[in-house]
Amino acid sequence: MSSDATPSRTNGDIPDTPGLNLGYEKVSPSGKAVSRRALSGVRVLEFAVGLVGPFCTSIMAQLGAQVFRIESQGAMDGFRVTRNPLTNERLDFEGVPRYNFVNLSKWGASINMRKAEGLELVKRLISVSDVLLENYSAGVIDRMGLSYEAVREVRPDIIMVSASGSGRVGPEAGSRAVATIFGAVSGLAEMTGYPDDRPHEARSTADAINSLTIFYSIVAALYYRKRTGRGQYIDYSSREGMTCLLGDVLMDYAMNGREQTRQGNRDSAMAPHDCYRCRGEGAWLSIAAGNQAEWEVLVNVMGRPVWAAEDRFSTPLGRWKHQDEMGKLIGAWTLDRDACELMETLQRAGVAAAPSFSCAGVYSDPHIGDREVLEVVEHPKLGANLLVGCPWKLSATPCRIDGHGPLIGQHNKEVFSELLGIPEQEFARLQRERVVW
Amino acid sequence: MVAAPYCAKLLADLGAEVIKVEPPAGDAARRHGPFLHDIPHPERSGLFLYANTSKLGVTLDVASPRGGKILREMLKDADIFIEDAPPAALERLGLRYDDLKRLNPRLVQVAITPFGLTGPYKDYKAYPLNTYHASGEGFMTPTGSDYPERAPVKAGNFVGEYEVGVNAAGAALAALYWREESGQGQIVDISAQEALLLLAASDMTNYAQFGAVTGRSTRNWPFGRLYRCQDGYAAFITLTKRHRAALFTLLDYPDWQKDERLLDQTWLEMHSPEVEVVIERLLAERTRAELFSRPQANDFPSGPSLRPGEVMKSAQFAARGFFTEIEHPETGKLKYPSAPYQFSETPWRVERPAPLLGQHNEEVYCQRLGYTRDDLARLRGLHVI
């Protein structure tokens, strides 16, 4: 870890042994006593791999839901298989930073669902859960014996979410989909990137967009259930989740038959509206001037250069038409300046400007620091790390990270012995026979 | 203009009754394209029409004393108050949560701003361009760029702003859920910078752990991405040996058919540049439909990069009924995207098209708040509504 990412705060109160009480919200996976939060009392069961499902439920957990992540040594999440970005060495599957991040604050139980007894255990967990989320390819969960009909028999008021690439019906239902694919077929890829280069490949971004869309869908269903007592089934399509963010682009096609495409940083009317190179490697400052007044202020800050007085730059339309030439001139001015200092100068004068922050920039941004967006998380293999917590500031029920992403089966004892009341000898047998595995 | 209205639209989609309060001059989105037939008109902005479906609409100058009073009358029995006022304006208008919670202790206030209500940047000015880049997501976009000297870019159009609205809707519903239990409202402070940071955060874990900064050119995987075909772009990924074997069969390149090394991920990663050159050449000669529009035929994840018109004509979207026709008095019938979820118990439906400017003034002010038609005429004369 580099020096500017050194933890500035520590969670000193994590006890050595996990807490024993599985009552809602009395303890967290790390054993810490916790206070009441927005989703306290909601129990979530998760059969999910990768990012879409896991990141959604991690946010739920940070809002207070009790999330049980079901995994098995026989069917590990592919996110556990990755390499060190610097040395290219394979990482220990229990020490993967990204996996840890998308599974923060959850309880981990391991069940071999290929065994009949494993499926029975899962059904017992379903009977005490409020939400079941799965993100396998469409139809896989049905073949595992956990269709909505089967699940509803065990827990009639459950909210069950199936999140797949294209949804459960239609000619492309059931096709293998990862973020790059649903990013492409959603239309989003085509709309992002440089106009003269290939479309942007949305990977983790595409996943996270869907995690958050699924989040609000689930909470809406929870709210409905609280008022009516009725659960429901949610068939979610990841590609549609992304297409929804192109509403105005699609309306343009519907109204005018226009095929919009990617435009880099360009705006349909505003100029300047781009990132300009600053001093230092990979340093860029985004600057936008939305009207004549902001342009005048920008010109003043630049010290009223001669070129800025040229006719072609005197009107918004002129600046928009000549934005490439203007961009070079502004870029020449920003080139030997510090991006953060220039942001301060421009903002004080009243011009919208912000650096295009790298990871390092975000981690050292004083504003992000002041807002306490980053939290220290201890992990048995990864040590202490500063990670991005749920950044929504709920005044009465603040979000919080309770603990690291669970190791495989880390909370088996709590889940099987305490929650389900399985006697010790029986639990030992289930482990021996690799049902709990 | 987009984030807060879209947040409210998502709640309207879920059945909430949303009253959109616009200044008498109208939401700025009404002046933003795309416009029907490219002719600017406040009732024919595609951006406005999309972000405001299913809402009621009233006009009100909330900065005027009368307007402020009327807003408070509405907030008195509202469940959620969504606003995007800068923190200083919120204070000036007397609309801080501390002011409003006395009026309605059950109110959930959702404040959406570029940088949040606190912190050194709280009063900073920002357009969607700036918040997207401040979040760290812009720096890594476009993924896999071969041009480190070119500027990082934001996501297309208003993708970032809609996503901020998605975050805000989630937080608002969580607060509403808690209110059902506790009877208490609260304020939800949503910073666009932080909401968009969630898009980039999983890529920052390698920085936290190893000090590795992920950039545009290092965010990609070693093999498999978007490739140019004869008629556009297409994406594929191979995750297993079986996937790779299927790909090489599809590409029908004799040199590779019997080469076992190509099935090995590690070998491929080491030799990806030379393999990519051949793949690029092979794909450039074929159409997207030929290669990738048979999703079940290809065992590996693949698909065409669709343009807007292709999205709207896609059979998959049609089978799900994703695009829905909405009739609007100024534009006639148009196809709109609906919602990405299909609820078994409470299906999505559109309640009404986006409101005309001040369309529901009488319904809201007279029928609900008890103002007379004469009052409305006076308020209109004073430019309060």
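## How the labels on this model are earned

User: Let's start with the helices in this predicted model. What do the axes of α1(B) and α7(B) do?

Analyst: The axes of helix α1 (residues 3–13) of chain B and helix α7 (residues 159–182) of chain B come within 7 Å, crossing at roughly 50°.

User: Why is that pair called oblique?

Analyst: Roughly parallel needs an angle under 35 degrees, and roughly perpendicular runs from 65 to 115. The crossing is at roughly 50°, so α1(B) and α7(B) are oblique to each other. The crossing is also right-handed.

User: Which residues make that contact?

Analyst: From α1(B) you get A3(B), Y6(B), C7(B), L10(B) and L11(B). On the α7(B) side the list includes Y162(B), V166(B), A169(B) and L173(B).

User: And what makes α10(A) oblique to α13(A)?

Analyst: Helix α10 (residues 292–301) of chain A packs against helix α13 (residues 339–349) of chain A at about 130°, with axes 10 Å apart. Perpendicular stops at 115 and antiparallel starts over 145, so α10(A) counts as oblique to α13(A). This crossing is right-handed, and V297(A), L298(A) and V301(A) of α10(A) meet T345(A), L346(A) and A349(A) of α13(A).

User: On to cysteines. How do you know that C244(A) is not in a disulfide?

Analyst: The cut-off is a sulfur pair within 2.5 Å. For C244(A) the closest cysteine sulfur, in C7(B), is 15 Å away, so that is too far for a bond. C278(A) is in no disulfide either: its nearest cysteine sulfur belongs to C340(A), at 8.9 Å. Searching the whole structure gives zero disulfides over all chains.

User: Why are C244(A) and C278(A) called buried?

Analyst: Buried means under 20% relative accessible area. C244(A) is at 4%, so it counts as buried. C278(A) is at 2%, so it does too. In chain A, 62% of the 437 residues count as buried.

User: What makes D252(B) and H383(B) exposed?

Analyst: Here the bar is over 50%. D252(B) has a relative accessible area of 56%, so it is exposed. H383(B), at 60%, therefore counts as exposed. Each has a positive phi without being glycine: near 55° for D252(B) and near 60° for H383(B). D252(B) sits in the loop between α10 (241–251) and α11 (254–257) of chain B, while H383(B) lies in the segment after α18 (373–381) of chain B.

User: Now the sheet with order β12(A)-β5(B)-β4(B)-β3(B). Why are β12 of chain A and β3 of chain B its edges?

Analyst: It's an open sheet of four strands with mixed pairing. β12 (393–394) of chain A and β3 (80–83) of chain B each have a single partner strand, so one side of each is left without a neighbour in the sheet.

User: How do you know that β3(B) and β4(B) pair?

Analyst: Pairing takes at least two bridges. β3(B) and strand β4 (residues 108–113) of chain B have four, in the parallel sense, so they qualify. Within that pair, F81(B) stands opposite Q109(B).

User: What lies across that sheet?

Analyst: Helix α8 (residues 192–200) of chain B lies across β12 of chain A together with β4 and β5 (186–191) of chain B, at about 65° to β5(B).

User: Where are the cis peptide bonds from A271(A) and G33(B)?

Analyst: The bond from A271(A) to P272(A) has omega near 5°, and P272(A) is in the loop between α9 (247–256) and β7 (273–277) of chain A. The bond from G33(B) to P34(B) has omega near 0°, with P34(B) in the loop between β1 (18–22) and α2 (46–51) of chain B.

Notes
Residues are numbered from 1 along each chain as its sequence is written. Chains are lettered from A and ligands numbered from 1 in the order in which they are written. This is a predicted model: local features need pLDDT of at least 70, side-chain atom pairs count only at pLDDT 80 or more; totals for chains, interfaces and linings use all residues. Side-chain values use heavy atoms; hydrogens and water are left out. Buried means under 20% relative accessible area, exposed over 50%, partly exposed in between (1.4 Å probe, protein chains only). Helices (H or I, at least four residues) and strands (E, at least two) are DSSP runs, numbered from the N terminus. Contact means heavy atoms within 4.5 Å. Axes are lines fitted to C-alpha atoms, for helices over the stretch in contact, and angles run from 0 to 180 degrees between N-to-C directions. A crossing is left-handed if the near helix is turned anticlockwise from the far one by less than a right angle, and right-handed if clockwise.
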